[in-house]
Amino acid sequence: MRTIPSAAMNRITTTDHLESIIGHPAALVLKKEVAELDEASRYMLALAPLAGFGYRDADGRSRTTVVGGRPGFAEVESPTRIAFASDAEASGPVSFVFLLPGVGETLRVNGTVAERTPGRIVVAVAQAYVHCARAILRSRLWDPVVPAVSIPAIADGPLSGAGVAGFLAASPFMVVSSGDRDGGADTSPRGDTPGFVHVLDGHTLAIPDRRGNKRADTSHNLLTDDRISAAILVPGRTDVLHVSGTAVVTDDPELLAAMALGGVVPQTALVVSVERAEVRHNEAVAAANVWDRANRAGTATVSELMALQTRQLGGEKPVLRRLAGWLGAFARPIRWVMDLTYRRALRKEGYGDAAGPRPGRPVRVIEVIRETPEAVTLVLSGADTDFRPGQFYTLITEIGGRTVRRAYSASSVPGTDRLALTVKRDGLCSSHLNDHVRAGAELRLLGPSGDFRVADPAAAGAEYVLAGAGSGITPLMSIIRTVLAASPDATITLIYGNRTEAGIIFADELAALADAHPGRLTVHHVLSRPGPGWAGRTGRVGPADLPYVPRAHYYLCGPADMPTGLRDHLTGLGVPPDRLHVERYTSVPTAAPEAGAQTMTIENVGDVVVAAGQTMLEAGLAAGVPMPHSCTVGGCGECRIRLLRGDVHGTVEDGGVLTCVSYPLTRTEVAMGPVIS
């Protein structure tokens with residue numbers, strides 16, 4: 001955070017100065033304005049479940065909230081009158097921006113309060129227009145990216161209130177209300193990458209104004225009346241951040257440079273002196289359930305809206321009306337061309353193809369080693385190899401247009417210039433890595449992570465008992481390689497379970513290491529489906545396979561309940577907890593239940609809507625909540641948080657829930673504990 005002294009800031013105070021920067025709106029933009037509700041406006045009103053609503057309270061202060069709750073909540077009484085349910089103490093000029101889930105167009109309506117009774121407001125319409133808001137596209141409001149949340153520390157002032165800083169850090173969208181000295185009112189949408197509103201100090205916000213339709217209604221209004229307010233949204237959340245105060249328009253180069261995106265600075269900025277900031281639950285957002293994909297408008301709705309707009313632009317001239325009718329018949333391809341044009345314009349503004357940075361560190365595959373018919377080792381360059389033996393990394397790749405994350409343990413020795421991840425085929429990502437990844441491929445990596453690790457591999461005289469099954473050998477192999485190389489006299493006993501001899505990962509290397517370190521490494525294989533001539537033990541790894549070594553550290557890694565059963569057995573023998581280290585993994589995520597959207601209340605954060613088919617983790621991250629996670633398939637345990645109340649389908653144990661593979665069946669309450677960004 002930083003404060004730019006008011007005296008040093010370049011302020012825009014005249015219309016000429018403002019328009020010399022932003023220009024003038026095109027005639028087509030102005031032609032969309034109508035003095036009463038036309039066919040396109042009524043169509044939007046019938047479908048829109050939400051609207052940003054700007055008004056002045058009894059003390060003359062600017063206020064903005066979100067109203068609605070169902071499609072058609074604003075009833076059309078006549079071409080110049082609408083009515084809706086609200087307890088807002090509004091009088092005089094008011095303004096709206098109506099939102100239609102899944103659609104880039106918004107409906108702007110300006111007017112005055114004609115009647116107000118308890119719970120109901122009637123508005124006399126003075127101006128209405130439908131337009132495609134770049135704010136929707138910039139913010140990806142209906143298709144949000146997972147925000148990279150870094151919550152600023154705010155010492156004092158209205159912005160230091162509960163939840164305010166976190167909300168601002170995650171929000172990509174707001175509606176802003178302003179008015180002019182002649183009694184006009186306006187509520188405009190603003191959208192950008194998550195966290196686009198800059199906190200200058202506990203009392204001051206800066207909002208970038210990037211290129212748009214050149215109307216700049218808010219900026220024009222502020223030249224004559226500095227009162228301003230905003231309702232700020234985070235996709236997936238049912239609470240709203242309400243901000244109000246006064247504002248100035250600036251083209252201060254230092255401030256604009258700080259808000260550059262892809263090297264492109266905004267045209268101007270609004271600097272808001274905040275008098276009030278509060279996060280509150282909003283019944284309209286909760287009731288409308290706009291974050292559920294099932295409630296988004298389809299292509300037929302967009303096509304019909306396009307047709308209505310083109311007919312309106314035809315005006316009274318027969319030739320233009322016929323042309324508009326012809327264009328309406330081709331609304332869908334025209335919409336596609338318009339969207340392509342908008343996206344190209346956004347790329348020029350520095351947005352690229354997707355908002356937000358790509359997560360993870362870029363790495364390159366330099367070698368692929370086939371360990372067994374079902375397992376490969378990927379040798380990577382460019383990775384951070386400062387890990388402890390036993391830890392895992394989260395690998396990020398693109399499969400079929402989807403970004404997929406999976407956790408894989410390091411099998412190599414730490415501290416070298418190469419990282420080895422060994423992957424056994426058992427799901428979408430592991431199959432892709434086994435079948436399609438070749439040397440030269442670029443991937444991304446998070447980590448290292450995890451508490452399953454050897455703290456001091458060089459400890460003299462240390463004793464280890466390792467037990468694993470299948471791909472559970474991966475972290476154990478890193479421990480074996482590292483300890484044998486680092487410690488002069490540590491001893492290791494490995495019990496390793498597989499189905500067949502052909503499935504034993506690292507079989508040859510384990511044999512070679514045992515021969516090279518007699519008395520220090522002992523390997524016992526257990527097979528559940530041995531072939532002819534097998535002389536070892538048959539079955540599955542169980543308590544009887546583990547030797548009791550009083551001073552040993554036990555490292556247990558395998559699928560499902562195998563490590564837990566071994567841990568319980570060893571606990572019964574008197575092995576202390578600090579010598580028991582357990583890592584479990586699952587093959588695939590739990591299947592989503594057939595349940596509707598639910599509300600998840602996160603302690604000290606607020607309510608998040610978990611849409612049908614969405615995991616608790618997916619919903620939290622999409623809503624900008626910095627929830628802990630890594631592998632996203634229930635294999636690493638990093639996403640475990642406390643379940644305080646509610647029923648969950650998925651992995652629940654010891655009062656905790658693995659959010660990456662769990663789905664709420666009822667309203668739930670959870671707690672993450674302290675989160676450090």
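These legends accompany a set of close-up views of one predicted model.

**Figure 1. The whole protein chain, as a starting point for the close-ups.** Let us begin with the overall picture. The protein chain has 677 residues, and 52% of them are buried. Its secondary structure consists of 16 helices and 35 strands. Among contacts with a separation of 6 or more, 69% link residues that are 24 or more positions apart. The exposed surface comes to about 28,800 Å², with carbon and sulfur atoms supplying 51% of that area. Salt bridges number 28, and a search of the whole structure for disulfides returns 0.

**Figure 2. Asp57 with two arginine partners, Arg61 and Arg63.** Here is a small charged cluster to zoom in on. Asp57 and Arg61 form a salt bridge through their side chains, at 3.2 Å from N to O. Asp57 also pairs with Arg63, where the closest N and O atoms are 3.4 Å apart. How accessible is Asp57, buried or exposed? Asp57 has a relative accessibility of 13%, which falls under the 20% limit, so this residue counts as buried. Arg63 is likewise buried, at 12% relative accessibility. Arg61, on the other hand, is partly exposed at 37%.

**Figure 3. Ser62 in strand β3, with Ser229 across from its side chain.** Staying in this part of the sequence, the next view centres on Ser62, which belongs to strand β3 (residues 62-68). Ser62 is buried, with 4% relative accessibility. Its side chain makes a polar contact of 2.7 Å with the side chain of Ser229. Which residues touch Ser62, leaving aside neighbours within four places in sequence? They are Tyr55, Arg56, Ser177, Arg227, Ile228, Ser229 and Ser244. Ser229 therefore appears both as a side-chain polar partner and in the contact list of Ser62.

**Figure 4. The salt bridge between Arg81 and Glu115, part of a wider network.** The closest N and O atoms of Arg81 and Glu115 are 3.0 Å apart. Arg81 sits in strand β5 (residues 81-85) and Glu115 in strand β7 (residues 105-117), so their salt bridge ties together parts of the chain 34 residues apart in sequence. Both residues are partly exposed: Arg81 has 25% relative accessibility, and Glu115 has 42%. When you look beyond this pair, shared partners connect Arg70, Glu75, Glu77, Arg81, Glu115 and Arg120 into one network of salt bridges.

**Figure 5. Asp143 in a loop, with two arginines in contact.** This view moves to the loop between α4 (134-139) and α5 (164-170), where Asp143 is found. Asp143 is partly exposed, at 38% relative accessibility. Apart from residues up to four places away in sequence, Asp143 touches Arg293 and Arg296. For a backbone distance to check in your viewer, try the C-alpha atoms of Asp143 and Pro101: they are separated by 10.0 Å, with these positions 42 residues apart along the chain.

**Figure 6. Thr377 in strand β17, and the residues around it.** Thr377 lies in strand β17 (residues 375-381). What does the side chain of Thr377 meet in a polar contact? The partner is the side chain of Glu371, at 2.7 Å. Thr377 is buried, with a relative accessible area of 4%. Not counting residues up to four places away in sequence, Thr377 touches Glu367, Val368, Ile369, Glu371, Ser411, Ala420, Leu421, Thr422 and Phe506.

**Figure 7. The two sides of helix α14.** The buried residues of α14 (residues 507-516) are Leu510, Leu513 and Ala514. Seen down the helix axis, these buried residues fall within an arc of 100 degrees, so they line one face of α14. Asp508, Asp515 and Ala516 are exposed on the other side. What covers the buried residues of α14? The cover includes the helix α13 (473-486) along with the strands β23 (491-498) and β24 (521-527).

**Figure 8. Two buried cysteines, Cys429 and Cys557.** Our last view turns to cysteine. Cys429 is buried at 1% relative accessibility, and Cys557 is buried with a relative accessible area of 2%. As the search of the whole structure finds 0 disulfides, this view carries no disulfide.

Conventions: Residues numbered from 1 in each chain as written. Predicted model: local features only at pLDDT ≥ 70, side-chain atom pairs only at ≥ 80, totals over all residues. Heavy atoms only, no water. Helix = DSSP H or I, 4+ residues; strand = E, 2+ residues; numbered from the N terminus. Buried < 20%, exposed > 50% of the residue type's maximum accessible area, 1.4 Å probe, protein only. Polar contact = N/O pair within 3.5 Å; in protein donor to acceptor, adjacent residues only side chain to side chain. Contact = heavy atoms within 4.5 Å. Areas by Shrake-Rupley, 256 points an atom, 1.4 Å probe, with all protein chains shown as cover. Salt bridge = Lys/Arg side-chain N within 4 Å of Asp/Glu carboxyl O. Arc of directions from axis to C-beta. Disulfide = S-S within 2.5 Å.
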